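Work through the exercises below with the sequence and the structure open beside you, and try each task before you read its solution.

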Amino acid sequence: MYIYFEVSSRVAMWLPLPSVCLRGQPACRRGAAAALLKVPGHRDEANVSHFSLSAALSAQTRKALLYRKHGDPSQVVQLEDVDLPPIGAKDVLVKMLAAPINPSDINMIQGTYAILPDLPAVGGNEGVAQVVEVGSQVDSLKTGDWVIPKDAGLGTWRTEAVLAQDDVISLPNDIPLLSAATLGVNPCTAFRMLSDFEDLKPGDTVIQNAANSGVGQAVIQIAAARRINTINVIRDRPEFTQLSDRLKAIGATHVIKEEALRRPEIKELFKTCPKPKLALNGVGGKSATELLRHLQVGGSMVTYGGMAKQPVTVPVSALIFKDVKVRGFWVTQWKRDHSNDERAFRAMLDELCSLIQQGKLTAPACTEVGLQDYNKALDAAMQPFTSAKQVLIM
């Protein structure tokens with residue numbers, strides 16, 4: 001399938017409809033939700049006539065953050081005008097409301113992520129949109145519904161999109177906008193890791209590094225709601241005390257510096273809570289090795305990120321004498337493994353939204369940035385020791 005791309009009023013070409021490919025595999029998973037990307041030179045009236053919008057919406061220029069090659073996001077991402085394709089019978093027209101900038105989005109633009117869309121591509125894999133219009137055979141959604149992507153690769157950094165109804169899933173529209181916009185990746189990662197690897201009971205302990213990340217903050221809150229202790233490891237920094245206080249305010253049991261894992265006083269901490277059954281590693285390198293050392297016999301370490309860009313080293317003694325399990329988790333793969341049965345995804349979202357509605361799960365610290373100021377948001381998202389997630393507001 002191809003899309004029409006107009007370079008000028010005289011020159012036009014058809015480009016492949018963007019797909020998302022798993023690197024290292026010959027087969028590509030076609031992304032059915034990629035919308036028509038056409039720089040308006042003149043309007044294609046045949047396409048416009050296939051769908052109707054309110055006069056106000058029709059008058060708006062649809063914009064998207066596109067990249068045509070991989071590289072430094074500040075150099076390759078551009079805000080451009082785009083037109084939309086007609087709405088198919090099983091499609092929905094959505095207005096994007098908010099979309100965060102995640103590390104995986106940056107890696108995808110750089111060309112280093114495990115899955116890469118065909119180019120040109122719209123940036124962003126997460127966000128919340130509102131349904132504006134539905135196709136004639138759409139039966140699971142209605143105008144006004146809030147929806148989020150079911151999978152990576154939809155391209156959420158844009159003002160509007162035409163998506164297949166099967167590529168999105170609805171959320172209650174009475175939860176905070178930032179909670180909805182940041183729900184599909186980090187809280188889902190935290191939920192699955194707390195649910196799928198160890199049988200955690202109230203009073204058990206989880207230890208994690210990168211505790212101030214989006215995943216880390218979700219782990220703290222979900223664990224607290226389940227009455228599970230958390231030992232939260234963060235790098236030393238000038239504002240350590242303020243960050244520690246903030247993490248404790250959302251439910252962290254203990255907040256410690258990475259160096260504390262190697263000091264004798266860590267034994268004092270384990271007098272107040274059991275040794276961890278589960279370790280969550282988003283850093284790699286020495287930090288991951290130290291987490292492993294403190295697991296109880298038979299415990300699991302789950303790696304979901306590698307911010308240090310260093311390999312995980314597993315001590316032989318941990319394998320032989322403690323029989324620890326070393327696992328990995330990627331929420332995109334989990335979603336694809338369950339793509340034929342929406343019930344598991346639906347049940348997880350319902351539970352997470354219930355926690356949000358009860359005030360037990362809040363969005364991470366966010367900085368809201370208008371779409372036109374995308375360069376500022378991209379630059380901020382790539383800074384070390386980033387304490388706030390950049391969220392594009394459409």
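The exercises that follow concern a predicted model, and they go from the whole chain to a pair of helices and then to the nonpolar cores.

**Exercise 1.** Find how many helices and strands the protein has, and what share of its residues is buried.

*Solution.* Begin with the secondary structure, which comes to 14 helices and 21 strands. Then turn to burial: of the 394 residues of the protein, 53% count as buried.

**Exercise 2.** Determine how helix α6 and helix α13 are oriented to each other, and which residues make their contact.

*Solution.* First locate the two helices, α6 at residues 186–196 and α13 at residues 342–357, whose axes come within 11 Å and cross at roughly 105°. Next, compare that angle with the range of 65 to 115 degrees, which counts as roughly perpendicular; α6 and α13 are therefore roughly perpendicular to each other. On the side of α6, the contact is made by P187, C188, F191 and R192, while α13 contributes F345, M348, L349, E351 and L352. Finally, sort these residues by type, which gives seven nonpolar, no polar and two charged.

**Exercise 3.** Identify the residues that touch the most other members of the largest nonpolar core, and the helix that supplies its largest share.

*Solution.* This core has 41 residues, and those touching the most other members are V128, L171, L194, L278, L349 and L352. The largest share of the core, seven residues, comes from α13. Now take V128 as an example: leaving aside neighbours within four places in sequence, its contacts include M96, W146, I148 and L177. Apart from this core lies another, of 21 residues, including I106, Y113, A152 and L371.

Terms used. Residues are numbered from 1 along each chain as its sequence is written. This is a predicted model: local features need pLDDT of at least 70, side-chain atom pairs count only at pLDDT 80 or more; totals for chains, interfaces and linings use all residues. Side-chain values use heavy atoms; hydrogens and water are left out. Axes are lines fitted to C-alpha atoms, for helices over the stretch in contact, and angles run from 0 to 180 degrees between N-to-C directions. Helices (H or I, at least four residues) and strands (E, at least two) are DSSP runs, numbered from the N terminus. Angles under 35 degrees count as roughly parallel, over 145 as roughly antiparallel, 65 to 115 as roughly perpendicular and the rest as oblique. Contact means heavy atoms within 4.5 Å. Ala, Val, Leu, Ile, Met, Phe, Trp, Tyr, Cys and Pro count as nonpolar, Asp, Glu, Lys and Arg as charged, and the others, Gly among them, as polar. A nonpolar core is a set of buried Ala, Val, Leu, Ile, Met, Phe, Trp, Tyr and Cys residues joined through side-chain atoms within 4.5 Å. Buried means under 20% relative accessible area, exposed over 50%, partly exposed in between (1.4 Å probe, protein chains only).
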